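Grab a pencil and your favourite viewer. Here is a short set of exercises, each with a worked solution.

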Amino acid sequence: MSESPLPTHHGADERAPQVPAESNETLRLLLERGSCRHFAARPIPPETLARVLEAGTHAATGGNLQPYSVIRVEAAETRARLAEMCGQSFMAQAPVHLLFLIDWRRLCRWAEMEGAPFAAHRAFPHFWIGFQDTVICAQTMCTAADALGLGSVYIGTVLDFLEELRPMFALPPLVVPVVLLCLGLPASRPPRKKKLGPEILVHSERYQDRPSEELRAAFDSKYEGQRVEATEERLRMLEETCRNLAGEEAARRALEKVGERGHIHAAQRLFGLHYRADRMIRWNAELLKRFEEAGFGWFSAAP
Ligand SMILES: Cc1cc2nc3c(=O)[nH]c(=O)nc-3n(C[C@H](O)[C@H](O)[C@H](O)COP(=O)(O)O)c2cc1C
């Protein structure tokens, strides 16, 4: 256990805000972590990767069922293809991609072999828990990677390409991608981002709405300096999103707010431009279709 208050595994970087000295190595890693998008042109030592994978597969899962699989992608051509597909060029520089899949196939085959009844792929409670199991495994690998001096970043954009990923990775029925993790040796220390803290996110004994002013101050502090210029194109997109979602009055109010402030607010950028609220809802039908094609049946009422 190191007594040094400064991180050693990502190298020094003046950009990151200081955190109080933390003598516990595990806590230090958790408090200083940041997503890594700059990877060194060096491979991950095989024994390091093996430890990361082993740590992840030891994570907790509901009923110890382990209803997930992980595809380790090291082929440069495949990584480049994934980077291009997701429109995130830095991905290609990460020497290892881990694709996390919810996987009921292995358990279904086992149950069949042994004469057990099986319907986990058709039961929403199983989906809910299996999804959590998959993500807990991913995060355990992520933390293990950090502890061994690697950098990582999740790529959620794979959700846009469920159809393309099936043939690309020969995914059989009952197996669906959840998220991808890029891993590699960091070329520089990832910046430490501002977060809402426990004073906002943790409630004591029962749920408690924070007063609006307290909430606003917390968000203002988190997104401080992230003003978006109100270009004509952005204003039209914001207006269109609001109109599609909630009608003319909502569109008028959004633009009025921009007029009052002189810029597009972080909340308007996030849900009006980036994660467009109207499009996210329209995406539901397509995602459900992809799950249905993969043999999942929890969203239909029939038993
Ligand atoms: C489920 C999930 C999906 C994500 N998808 C992406 C992605 O597609 N591209 C990316 O650059 N970062 C992605 N991230 C990383 C987030 O942008 C990042 O965690 C967030 O901005 C907070 O920054 P930090 O991880 O450095 O604290 C994702 C993170 C999660 C948990």
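The exercises start with the whole protein, go on to the ligand, and end with single residues.

We're working with a predicted model, where local features need pLDDT of at least 70, side-chain atom pairs count only at pLDDT 80 or more, and totals for chains, interfaces and linings use all residues. Residues are numbered from 1 along each chain as its sequence is written, and side-chain values use heavy atoms, with hydrogens and water left out.

**Exercise 1. Describe the protein as a whole.**

Step 1: start with secondary structure. The protein has twelve helices and four strands. Both are DSSP runs numbered from the N terminus: helices are H or I with at least four residues, strands are E with at least two.

Step 2: get the dimensions. The C-alpha trace spans about 65 × 55 × 50 Å along its principal axes.

Step 3: check burial. Among the 303 residues of the protein, 39% count as buried. Buried means under 20% relative accessible area, exposed means over 50%, and partly exposed is in between (1.4 Å probe, protein chains only).

**Exercise 2. Work out what surrounds the ligand and which polar contacts hold for it.**

Step 1: list the shell. The ligand is surrounded by 13 residues, and the closest are Arg33, Ser35, Gln88, Lys193 and Lys195. To be near, a residue needs a heavy atom within 4 Å of the molecule.

Step 2: sort the shell by character. It divides into four nonpolar, five polar and four charged residues. In this scheme Ala, Val, Leu, Ile, Met, Phe, Trp, Tyr, Cys and Pro are nonpolar, Asp, Glu, Lys and Arg are charged, and the others, Gly among them, are polar.

Step 3: look at atom pairs. A polar side-chain atom of Ser35 is 2.5 Å from a ligand oxygen atom, and a side-chain N or O atom of Lys193 is 2.7 Å from an oxygen atom of the ligand. Tyr154 uses its backbone instead: an N or O atom there lies 3.3 Å from a ligand nitrogen atom.

Step 4: add the area. On its own the ligand exposes 610 Å², and the protein buries 65% of that. Accessible areas here come from the Shrake-Rupley method with a 1.4 Å probe.

**Exercise 3. Place Ser69 and find its side-chain partners.**

Step 1: Ser69 sits in strand β1, residues 68–73.

Step 2: is Ser69 buried or exposed? Ser69 counts as buried because its relative accessibility is 18%.

Step 3: the side chain of Ser69 makes a polar contact of 2.7 Å with that of Asp103, and another of 3.0 Å with that of Arg106. A polar contact is a pair of N or O atoms within 3.5 Å; within protein, one must be able to donate a hydrogen and the other to accept it, and residues adjacent in sequence count only if both atoms are side-chain atoms.

**Exercise 4. Set Leu174 against Glu205.**

Step 1: check the backbone. Phi of Leu174 is near 70 degrees, a positive value in a residue other than glycine. Glu205 also has a phi near 70 degrees, again positive and not in a glycine.

Step 2: locate them. Leu174 is in the loop between α6 (162–168) and β4, while Glu205 is in the loop between α7 (198–201) and α8 (212–222).

Step 3: check accessibility. Leu174 is buried, because its relative accessible area is 10%. Glu205 counts as exposed, because its relative accessibility is 80%.

**Exercise 5. Follow Leu183 and Val228 through sequence and space.**

Step 1: Leu183 belongs to strand β4, residues 175–184, and is buried at 0% relative accessibility. Leu183 and Glu54 are 129 residues apart along the chain, with their C-alpha atoms separated by 15 Å.

Step 2: Val228 lies in the loop between α8 and α9 (232–246) and is buried, with a relative accessible area of 12%. From Val228 to Glu239 is eleven residues in sequence and 15 Å in space, C-alpha to C-alpha.
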